[in-house]
Amino acid sequence: MTSSDILPNAQVRQHFLDRHQLRKPPLGTQLDQTLRDLKFVQVDSINTLARAHDLILWSRQQSYRPPALRKMVDHRREAFEAWTHDASILPIAAFPHWQHKFARDAARVQKRWKTWHRGDFLKQTETVLDQIARQGPLGSGDVGAQERRGTGGWWDWHPSKTALEYLWRTGRIAVRRREGFRKIYDLTENVIPQDRRSDRPSFHDSVDWACQGALRALGFATAKEVSEFYEFVTPTEARAWVAQGLKSGALREIKTQAANGQLRDRVVFTQDWPHLQKPLALSNRLRILSPFDPALRNRARAEEIFGFSYRIEIFVPAARRKYGYYVFPILEGSALIARIEIKANKKKNIIEIIGLWPEANVQFNRARTERLVAELTRICRLADCNDVTGLEILRQL
């Protein structure tokens, strides 16, 4: 390998952000295309400002509003909810391949949940299925009426709630809609279009689909990163896919340069390599990103590429937190320059600034502060708020 096979950190950042739709100003209007490019968005229940999936999409498309995604999933059936590394929304075109993941997860989840959850949930699966068939769509509060409710933690679900989630994770039922954030399930045949359910690609084709999709979304990756992207293929399968790609010439090995100068072996599509070597211009607009943003989900990779160490501290006692309860990274150009804690106060219709922590050697001068205020003002529309308070925190820096 020569110096011509090394991708400098500047280009690593530029192209990584480009693949994640974070290079240009977020002025796009095609939600379906954004979802196809990202491959999926993570769904999370925390709502201090906005739901994770809504902030992820808004960061790439400032005209986005939450009802648009629900219409796409609940009514037009152009996307569906499933489990990648966590609860996620995927384009409906992924469903035929996802049927292999349903089959894999059946054994994996069954083994794990037998020790994690109380009661024998497997005995309840047919009862829950029959209840949905008879009564129609229902949520977790509608099953297991006679079972003792737990403390609310996922580890203490009652058996019928666990059976419901198991049936969803393994494809026998699907999320028909959400009421608030509550999932309402129905039989899969009543939710997923028949042509998607009847399309049955081979397992080999689905592994190739998952690996190709991961590398397309990331731009460059290790076999481990390919495997972790969807949590669909095993590390062994990803390594075999990479080896075959290198042998056929479809892939080539390169080295990517980290923020600290270290080099990491990764692969790219051979046809992409000339483009990846070209510098890309980036917008200097400040963006407040979700902690679950696809560009940041792999914390180790984000730290390697951007030199930005991030940890969610919601489970850390307040006295031991380095930053705040739920802190949002701030992106400027190709750098993660700070983190901010903000909260939407729905009763007062305001966004409250709680704290701001710039990275070392980052100064919030007047121009940068004004760009941050402009972003906070824009994000008010997503959070259904009218104003921002706590600006004095920015002026004290």
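Both F308 and Y310 are buried, and I begin with these two residues in what is, I should say at once, a predicted model. F308 and Y310 form an aromatic pair of the stacked kind, with 6.3 Å from centre to centre and 10° between the planes. A pair of aromatic rings is described by precisely these two quantities, the distance of the centres and the angle of the planes.

Let me stay with aromatic residues for a moment. A search of the whole structure finds 18 aromatic pairs. Another of them joins F80 and F95: the ring centres are 5.3 Å apart and the planes stand at 80°, so this pair is edge-to-face. Where do F80 and F95 lie? F80 belongs to strand β3 and F95 to helix α5, residues 95-116, so the pair ties together parts that are 15 residues apart in sequence. F80 and F95 are both buried. Elsewhere, one aromatic cluster is formed by F40, W98, W209, F229, Y230 and F232.

Two rings also have a charged residue over them. K183 lies over the face of W168, at 4.9 Å from the ring centre. Over the face of F364 lies R368, at 6.0 Å from the ring centre.

F364 leads us to the nonpolar cores. In soluble globular proteins, nonpolar side chains tend to be buried together. Here, the largest nonpolar core has 59 residues, and I340 and L372 are those with the most contacts inside it. Which residues does L372 touch, leaving aside those up to four places away in sequence? The answer is L286, I288, I330, I340, L356, F364 and L394. There is also a second, separate core of 53 residues, which includes A174, L218, Y230 and F306. Y230 is thus a member of that second core and of the aromatic cluster I listed earlier.

I turn now to the sheets, and return to F80 by way of its strand. β2, β4 and β3 make up an open sheet of three strands, in the order β2-β4-β3, with antiparallel pairing. At its edges stand β2, residues 41-42, and β3, residues 79-83; each has a single partner strand, so one side of each is left without a neighbour in the sheet. How many bridges join β3 to β4? There are five, and the two strands, β4 being residues 87-91, run antiparallel. A hairpin of three residues makes the connection from β3 to β4. Within this pairing, F80 has L90 as its bridge partner, while A82 is matched with S88.

On the β2 side, two bridges make the antiparallel link to β4. Here Q42 stands opposite S88, so S88 deserves a second look: it is the bridge partner of A82 as well. As for β4 itself, five of its five residues are buried, so this strand is largely enclosed by the rest of the structure.

Close to this topic is helix α4, residues 66-75, in which L69, R70, M72, V73 and D74 are buried. What do the buried residues of α4 pack against? They pack against helices α2 (31-38) and α3 (52-58), and against strands β3, β4 and β5 (173-179). After α4 comes R77, with a positive phi near 55°.

A second sheet deserves mention. It too is open and has three strands, in the order β1-β7-β8, but its pairing is mixed. β1, residues 6-7, and β8, residues 263-269, are the edge strands, each with a single partner, so one side of each has no neighbour in the sheet. β1 and β7, residues 251-257, run parallel and are joined by two bridges; in β7, K255 is the bridge partner of I6. Helix α9, residues 203-218, lies across β7 and β8, and runs at about 115° to β8.

I close with helix α1, residues 9-19. Is this helix largely enclosed or largely open? Nine of its eleven residues are buried, so α1 is largely enclosed by the rest of the structure. The buried residues are N9, Q11, V12, R13, Q14, H15, F16, L17 and R19. Following α1 is Q21, whose phi is positive, near 60°.

Conventions: Residues are numbered from 1 along each chain as its sequence is written. This is a predicted model: local features need pLDDT of at least 70, side-chain atom pairs count only at pLDDT 80 or more; totals for chains, interfaces and linings use all residues. Side-chain values use heavy atoms; hydrogens and water are left out. Buried means under 20% relative accessible area, exposed over 50%, partly exposed in between (1.4 Å probe, protein chains only). Helices (H or I, at least four residues) and strands (E, at least two) are DSSP runs, numbered from the N terminus. A nonpolar core is a set of buried Ala, Val, Leu, Ile, Met, Phe, Trp, Tyr and Cys residues joined through side-chain atoms within 4.5 Å. Contact means heavy atoms within 4.5 Å. Two strands pair if DSSP finds at least two bridges between them. Rings of Phe, Tyr and Trp (its six-membered ring) pair if their centres lie within 6.5 Å; planes under 30 degrees apart count as stacked, over 60 as edge-to-face and the rest as tilted. A charge sits over a ring if NZ of Lys or CZ of Arg is within 6 Å of the ring centre and within 35 degrees of the ring normal. Axes are lines fitted to C-alpha atoms, for helices over the stretch in contact, and angles run from 0 to 180 degrees between N-to-C directions.
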